[in-house]
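Biologist: Please take a close look at the site of one bound molecule, and tell me how the protein surrounds it and what the neighbouring contact between the chains looks like.

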Amino acid sequence: MDNLARAADYLNRCSKCGGCQAVCPLYQETRAEPYVARGKLFLLKNHLEGKLPLSAKMKEIMSLCLLCKACVNQCPNNIPVDQLVLGARQKIAQEKGISFVKKNVFQHLLKNNGRLTLAARLGWLYQRAGVQWLVRKSNILKVFGEEIVQKERLLPKMAKRPFRKQVPRFLTCSRPKLRVAYYTGCLTNFVYPATGHAVVNVLRRHDLEILIPEQWCCGIPALASGDEKTAAELARKNVEVFQRAGVDAVITDCASCGSMLKEYADLLGTPEAKAFAGKVLDFSQFLSEAVSFRAGEIEVPRLATYHDPCHLKRGQGVFEAPRRLIRKVPGLRFKEMKEPDRCCGAAGSFNLTYYNLAAKIGRRKVQNIRETGADFLVTGCPSCIMQLRHMLELENSPVQVLHLAELLSMTYSSQGQANESGRGCSHAVS
Amino acid sequence: MLQSSLINEIKKIVGKENVLATLEERLCYGYDSTPEAFLPDLVVRPDSAEQIQKIIKLANLHLFPVIPRGAGTGLSGGSLPVKGGVVLDLTRMNRILEIDEENLVAVVEPGVVTSHLQEEAEKRELFYPPDPASLKTSTIGGNVAECAGGPRAFKYGVTRDYVLGLEVVTPTGEILRTGGKTVKSVTGYDLIRLYTGSEGTLGIITKIILRLIPKPEAKETMMAVYERLDDAAKTVTLTIKRGIIPVTLELMDDLTIRCVENYLQIGLPLDAEAILIIEVDGPADLVKKQTEQVAELCRASGAREIKIARNEKEREEIWAARRAVSAAVVQIKPTKISEDIAVPRSQIPQMIRRLKEIASRYQLNLVIFGHAGDGNLHPNILCDQNDPEEMERVEKAIGELFQAAVELGGTLSGEHGIGTMKAPYLKLETGEAGYEVMRAIKKALDPNNILNPGKIFGSERNG
Ligand SMILES: Cc1cc2nc3c(=O)[nH]c(=O)nc-3n(C[C@H](O)[C@H](O)[C@H](O)COP(=O)(O)OP(=O)(O)OC[C@H]3O[C@@H](n4cnc5c(N)ncnc54)[C@H](O)[C@@H]3O)c2cc1C
Ligand code: SF4
Ligand code: SF4
């Protein structure tokens with residue numbers, strides 16, 4: 001039985017109260033019932049009852065979901081809408097197959113390290129191709145008109161060298177209290193190495209032994225496209241690598257990767273996967289709960305606001321930790337924005353496929369950010385960062401978008417950074 | 001089915017992208033918040049009264065049904081396309097056209113979400129009181145069409161009490177304007193009242209002029225727990241006798257309390273027969289005094305525990321219990337049939353006893369909560385849609401509970417409307433003469449029975 005059929009019970013629990021309309025960002029922009037949770041669930045129910053085939057239209061409707069879980073949070077009947085949408089995408093992928101390009105990308109993700117870089121490039125390529133296909137095919141896009149040029153600008157440049165090639169695999173210090181592994185995520189590795197350096201810089205101040213082992217994509221792009229098989233294979237590989245490393249915690253800097261890694265337990269169901277998933281902590285969670293965080297002494301006399309990534313707040317229940325850390329930055333003032341936990345529209349590569357729709361969602365976010373008058377927008381997910389930087393740039397806004405790690409890293413004297421071995425710390429390449 | 005030439009004509013009126021014709025899209029406009037669903041032939045998303053007028057003219061020419069639809073949160077089946085036809089989705093018409101602070105009125109399009117208007121009004125220290133529990137999603141158009149009420153109705157009245165003027169596209173395709181920005185108007189028949197609560201059967205509301213009031217300065221919230229239901233009822237009577245009109249007097253019965261406690265674990269007493277949530281508002285010093293008086297009355301009538309919220313957080317905690325009701329009760333069984341009878345306030349204990357007796361006779365799970373201040377109760381039957389034998393008992397029980405409400409001098413529906421769900425029982429309350437007058441009005445205004453057929457007049461399905 002597929003995941004969708006297993007979840008059929010949930011479909012009967014939808015009382016069609018419409019409560020999800022109030023929170024679904026897609027509904028708020030389109031006000032079209034097929035895109036809100038209630039509509040999607042009703043269609044899936046019809047499908048499971050044999051009244052509706054998995055048509056191209058169904059495929060489009062199911063792909064129009066940010067998986068932001070806003071509806072899940074709101075639903076009085078606790079229906080895991082995102083899981084049902086994923087189940088549907090999986091079934092569609094099984095029945096219809098996934099596109100040739102996507103298949104290639106995901107296959108490459110499974111291959112060794114060298115190819116990963118290639119896969120990342122292919123990924124961009126695929127997304128560009130996908131975008132063009134959708135522009136031609138999709139009806140909903142016509143409502144909003146299309147701006148290919150904008151979309152090109154959304155894609156940030158790839159790093160010249162991936163982050164993991166820039167750092168040693170093993171960093172230690174004189175009296176390590178914990179041994180941790182850093183799961184870097186693909187965006188940090190290929191696009192935002194600065195985030196990676198900041199994460200390492202902050203972690204290094206906390207008496208840790210840090211491993212950055214060779215690793216694989218977390219699998220969320222594959223899963224989100226309905227390719228559960230590839231996702232599970234990637235999961236198995238990651239579990240193996242990190243369990244072998246024998247660490248106390250696996251730290252991620254990416255909300256989406258983090259929520260995916262934590263779901264390995266359910267995805268694989270093995271004891272190893274459970275043990276692994278139990279060790280996964282978001283960067284902010286780790287600093288705030290596993291060690292006692294020490295900020296540096298450099299003042300940051302600015303005003304900051306914080307954006308809750310969907311996969312951090314609703315996906316992992318982490319929203320207090322980052323705020324606690326931000327408040328510890330010397331000299332920094334913090335101001336909460338309106339609707340801090342509303343999706344920014346990024347949603348993996350949703351913003352590439354449905355650029356204008358995502359941009360509409362993003363504009364509301366940007367407006368909320370700007371209303372605070374903040375200098376810094378801090379968040380915990382590279383995917384949100386990509387979307388928000390782009391959206392703010394379009395408005396020529398001076399607001400600087402920072403990963404939490406980058407903000408915290410600013411507080412330490414650069415001395416430590418110049419001298420890679422830092423205070424009593426040294427590293428060796430394993 | 002509509003002919004493709006006709007669909008093309010409609011596309012020319014509203015634009016191609018605002019006509020939804022795929023099976024998937026049509027399915028999503030064939031349900032509301034009742035358990036039922038039907039399939040419309042087409043979904044059309046107009047943007048102006050003029051577009052609607054053209055579509056209605058076509059409908060009269062080609063004789064297809066037109067069903068106005070807001071957010072689709074109705075609880076009586078009002079927006080269900082029971083006879084197919086064109087669902088007219090009005091959510092794109094969602095502009096707040098004006099908030100006139102001098103005359104205390106708002107002019108809005110029908111698709112405006114209720115809570116959006118409230119937020120905009122409150123930004124200006126104004127207040128739009130009607131507050132159906134669905135206010136974060138329901139539309140003003142839907143509220144007017146159903147004459148929605150809410151917990152605040154006891155003090156502030158229902159939607160009807162705030163409608164000053166309307167623009168309506170009639171079932172034959174004329175545009176009619178009635179009322180305006182004045183508080184008084186006696187020019188001819190009161191068409192505003194006719195259209196308010198007409199459930200989309202007499203016209204499509206395309207513009208609404210609403211009365212606003214100044215925002216009350218302060219508000220206090222409290223919760224009182226009773227061992228006996230009669231004591232809760234006594235509190236209500238005593239409070240009103242004292243000349244205090246609380247904004248809300250929400251009642252939850254024993255089974256509701258147990259469901260909520262099971263669900264939330266917030267320490268509600270499992271042996272209590274009733275809980276009242278009471279809110280008073282007005283000028284700050286008066287509110288303070290009244291809160292103390294009400295607490296005193298609660299005690300005097302036998303409340304065993306009284307909790308007054310000291311801050312916003314505690315207020316939220318009290319309301320959390322009430323808000324959890326919907327979710328909590330479906331844990332018993334998945335299908336929830338929500339009724340909303342209303343009886344004269346003094347008959348509440350009697351009505352609740354009758355309800356419980358009916359439920360036990362038909363062996364049904366029944367929870368009761370509602371607005372004790374105005375006698376509007378929400379008996380909810382929890383059942384399983386997929387169990388035909390049980391659904392049959394439900395059907396019978398509903399017939400009896402309507403009968404009981406009418407016998408006690410009450411009404412079938414306090415705020416949800418008749419729609420399809422209550423249509424078979426309409427005559428119970430209106431009698432033959434009342435029914436005939438209503439039908440005559442419908443026939444006169446909508447000779448071709450275009451608008452929302454099959455609603456209200458259920459005993460003859462053609463309306
Ligand atoms: C969880 C929940 C709680 C609720 N709580 C309350 C409550 O406390 N009080 C209450 O009164 N109701 C309540 N309701 C019922 C419902 O929300 C109201 O009836 C609301 O007014 C419906 O608005 P809508 O926009 O969803 O209208 P719809 O459901 O789309 O339509 C309702 C009716 O209005 C007609 N209609 C809609 N728009 C127009 C228009 N512009 N012109 C002409 N006809 C139109 C439709 O044809 C239909 O007959 C609740 C519903 C839910 C799901
Ligand atoms: S909030 Fe939950 S129960 Fe209500 S319509 Fe949405 S999915 Fe269904
Ligand atoms: S997950 Fe987000 S985008 Fe998807 S239906 Fe729910 S609220 Fe809408």
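Modeller: In this predicted model, a backbone N or O atom of B:Glu199 lies 3.1 Å from an oxygen atom of ligand 1. Two glycines of chain B approach ligand 1 through backbone atoms too: a backbone N or O atom of B:Gly72 is 2.8 Å from one of the ligand's oxygen atoms, and for B:Gly78 the corresponding distance to an oxygen atom of ligand 1 is 3.1 Å. Taken alone, ligand 1 would expose 970 Å², and the protein buries 94% of that area.

As for its surroundings, ligand 1 lies between chains A and B, with 34 residues around it, of which B:Pro68, B:Gly70, B:Thr73, B:Ser134 and B:Thr139 come nearest. Within chain B, the strands β3 (66–69) and β10 (204–211) and the helix α5 (140–146) each supply at least two residues of this shell, and α5(B) provides the largest share, namely five residues. Sorted by class, the shell around ligand 1 comprises 18 polar, 12 nonpolar and four charged residues.

Since ligand 1 sits between the two chains, the contact between them belongs to the same picture. To that contact chain B brings 31 residues and chain A brings 29, and the area buried between them is about 2,300 Å², with carbon and sulfur atoms giving 56% of it. On the side of chain B, the residues that lose the most area to chain A are B:Glu24, B:Leu27 and B:Tyr31, which together account for 26% of what that side buries.

The polar part of the interface can be described pair by pair: 16 residue pairs are in polar contact across it, counting those with both residues at pLDDT 80 or more, and there are two salt bridges between chain B and chain A. A:Glu33 forms a salt bridge with B:Arg69, with the closest N and O atoms 3.6 Å apart. Helix α2 (residues 23–27) of chain B gives the most to the side that touches chain A, contributing four residues, and by class that side of chain B consists of 13 nonpolar, nine polar and nine charged residues.

How values were computed: Residues are numbered from 1 along each chain as its sequence is written. Chains are lettered from A and ligands numbered from 1 in the order in which they are written. This is a predicted model: local features need pLDDT of at least 70, side-chain atom pairs count only at pLDDT 80 or more; totals for chains, interfaces and linings use all residues. Side-chain values use heavy atoms; hydrogens and water are left out. Contact means heavy atoms within 4.5 Å. Buried area is the accessible area (1.4 Å probe) that two parts lose on being put together, summed over both. A salt bridge is a side-chain nitrogen of Lys or Arg within 4 Å of a carboxyl oxygen of Asp or Glu. A polar contact is a pair of N or O atoms within 3.5 Å; within protein, one must be able to donate a hydrogen and the other to accept it, and residues adjacent in sequence count only if both atoms are side-chain atoms. Ala, Val, Leu, Ile, Met, Phe, Trp, Tyr, Cys and Pro count as nonpolar, Asp, Glu, Lys and Arg as charged, and the others, Gly among them, as polar. A residue is near a molecule or strand if one of its heavy atoms lies within 4 Å of it. Accessible areas come from the Shrake-Rupley method with a 1.4 Å probe; for residues, only the protein chains shown count as cover.
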